[in-house]
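Here's a quick briefing to read alongside the structure. Have the viewer open and follow along.

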Amino acid sequence: MSKKPFILGIESSCDETAASIISEDNQGNPIILSNIVSSQEDVHKKFGGVVPELAARSHLEKIDLIVQKAIDDSGINLNKIDAIASTAGPGLIVCLSVGLSFGKTLAASLKKPFIAVNHLEGHALSPKLNSKINYPYLLLLISGGHSQYLSVKNLSEYQRLGTTIDDAVGEAFDKTAKILGIEFPGGPQIEILAKKGDPNKYDLPKPIFNRGGCNLSLAGLKTAILRISKEIKTNQDRFDLAASFQKTVIEILYKKTKVAFNEFEKKIQQKEKKFVVAGGVAANKEIRKMLVDLCKEENYEPIFPPIELCGDNAAMIALVGLEKFKLKRFNELDFPAKPRWPLDENAAFLKGAGIKL
Ligand code: KG4
Ligand code: ZN
């Protein structure tokens, strides 16, 4: 029997410092031996968003302790690690540089291979940490910085079918929360407030709902919410606005996912249809429920990562490292941090003013 690989993953692209060690069971399924995530919520709360310099400083202060804790928790001796995988992008360059340099230095000193990981690929593969999934599959990636439909053909082979042309879904949740006076990061709080509200109270816009394929646009929602927020008086009004916002996002995602299913089927000839949802917003239970129901209607198998692995973590980075390690896809130690690193390098850049869809 060949020796099982042990991979150390390191993540520092935004406001989570994380490290994880994973391996495989006898069937080749990944097993998480340790998964340490240290969030910087308290550092950024009073600023209402992530402050890059403070985030980088916090990563620098904690990275060695977090990696040490991941090693201790795994019960694996550092010398047993077969490869080190660090997030190299996309993200804030000052933050990426911390985990990337740390990973490279450790790899060099241990004389082990180094693997540069795309953070978005980490999210894309994260459901594989608890489900067996074969390629190809349709992926909806909904996080704080990205919202995309992608056809995942193989490891590192993506074709983008649709993307947001302005705000990401998580960003829309966070901005709505900020308008409603909820501390950063407010996305998860909106879900809680929405439970107490009337989702039909406010009629909110759904830009490019009936055109633009499965591309998304959410910035108009925030503008409408800002306008309505000036008129609301009671706490119940706030709950109603949160509920109306979440309902509108759900309606947009329902419609656009149907379009994405259609486009995916045109590209992939196979009976088994799998739909993977990943990224921080995949933790939202109402969005999950709607997508599961839609999958039933459309004969897709819905697959989600466990709730605790929807947000940023290093287990998903180690998982990409593991898949690349098995294919001996290693990187040189001069691999740069990439603030922008799309999964589909051939897809057109769609953000900005004057977009015609
Ligand atoms: O994937 P992630 O942890 O970080 C990025 O790579 O962006 O996603 C974070 C985003 C934030 O915008 C956060 O508000 C949102 O995911 N989020 C949620 C929920 N939990 C996290 N949005 C809506 N409902 C939730 N339950
Ligand atoms: Zn993320």
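The notes below go through the metal site, the sheet, one residue of interest and the nonpolar cores.

Keep in mind that this is a predicted model. It has a zinc ion (ligand 2) held by His119, His123 and Asp312, an open sheet of 5 strands, and a largest nonpolar core of 47 residues.

**Zinc site**
- His119 and His123 each offer NE2 to the zinc ion (ligand 2), and Asp312 coordinates through OD, with distances of 2.0 to 2.2 Å.
- The geometry comes out irregular because the 4 donor atoms subtend angles of 92 to 139°, and a tetrahedral label would need all angles between 85 and 135 degrees.
- Along the sequence, the donor residues follow the spacing H-x3-H-x188-D.
- That spacing ties together distant parts of the chain: histidine 123 belongs to helix α4 (residues 119-125), while aspartate 312, 189 residues apart from it, sits in the loop between β10 (301-303) and α10 (315-326).
- Histidine 123 counts as buried because its relative accessibility is 1%, and the cut-off for buried is under 20%.

**The sheet**
- The strand order is β8-β7-β6-β9-β10, with mixed pairing.
- β8 (157-163) and β10 are the edge strands; each has a single partner, so one side of each has no neighbour in the sheet.
- On average, neighbouring strands are turned by 25° against each other, ignoring direction.
- Strands β6 (residues 137-142) and β7 (residues 147-154) run antiparallel and share 6 bridges; across that pairing, leucine 139 faces leucine 150 in β7.
- Helix α9 (residues 285-298) crosses β6, β9 (274-278) and β10, at about 175° to β9.

**Leucine 161**
- This residue is part of strand β8, and leucine 161 is buried, at 10% relative accessible area.
- Setting aside neighbours within four places in sequence, the contacts of leucine 161 include Leu138, Tyr149, Leu150, Cys214 and Phe264.
- Leucine 161 and aspartate 344 are 183 residues apart in sequence, yet their C-alpha atoms are 9.6 Å apart in space.

**Nonpolar cores**
- In the largest core, of 47 residues, Phe245, Phe275 and Ile287 touch the most other members.
- Elements supplying at least two residues each include β6, α5 (169-179), α8 (235-267), β9 and α9, and α8 gives the most, with 11 residues.
- Beyond residues up to four places away in sequence, isoleucine 287 touches Ile142, Phe173, Val249, Ile250, Leu253 and Val281.
- Another core, of 30 residues, lies apart from this one, and among its members are Leu141, Leu155, Tyr158 and Val276.

Notes: Residues are numbered from 1 along each chain as its sequence is written. Chains are lettered from A and ligands numbered from 1 in the order in which they are written. This is a predicted model: local features need pLDDT of at least 70, side-chain atom pairs count only at pLDDT 80 or more; totals for chains, interfaces and linings use all residues. Side-chain values use heavy atoms; hydrogens and water are left out. Donors are N, O and S atoms within 2.8 Å of the metal (3.2 Å for Na, K and Ca); water is not among the atoms, so sites may look incomplete. Four donors count as tetrahedral if all angles lie between 85 and 135 degrees; four count as square planar and six as octahedral if opposite donors are over 155 degrees apart and all others between 65 and 115; anything else is irregular. Helices (H or I, at least four residues) and strands (E, at least two) are DSSP runs, numbered from the N terminus. Buried means under 20% relative accessible area, exposed over 50%, partly exposed in between (1.4 Å probe, protein chains only). Two strands pair if DSSP finds at least two bridges between them. Axes are lines fitted to C-alpha atoms, for helices over the stretch in contact, and angles run from 0 to 180 degrees between N-to-C directions. Contact means heavy atoms within 4.5 Å. A nonpolar core is a set of buried Ala, Val, Leu, Ile, Met, Phe, Trp, Tyr and Cys residues joined through side-chain atoms within 4.5 Å.
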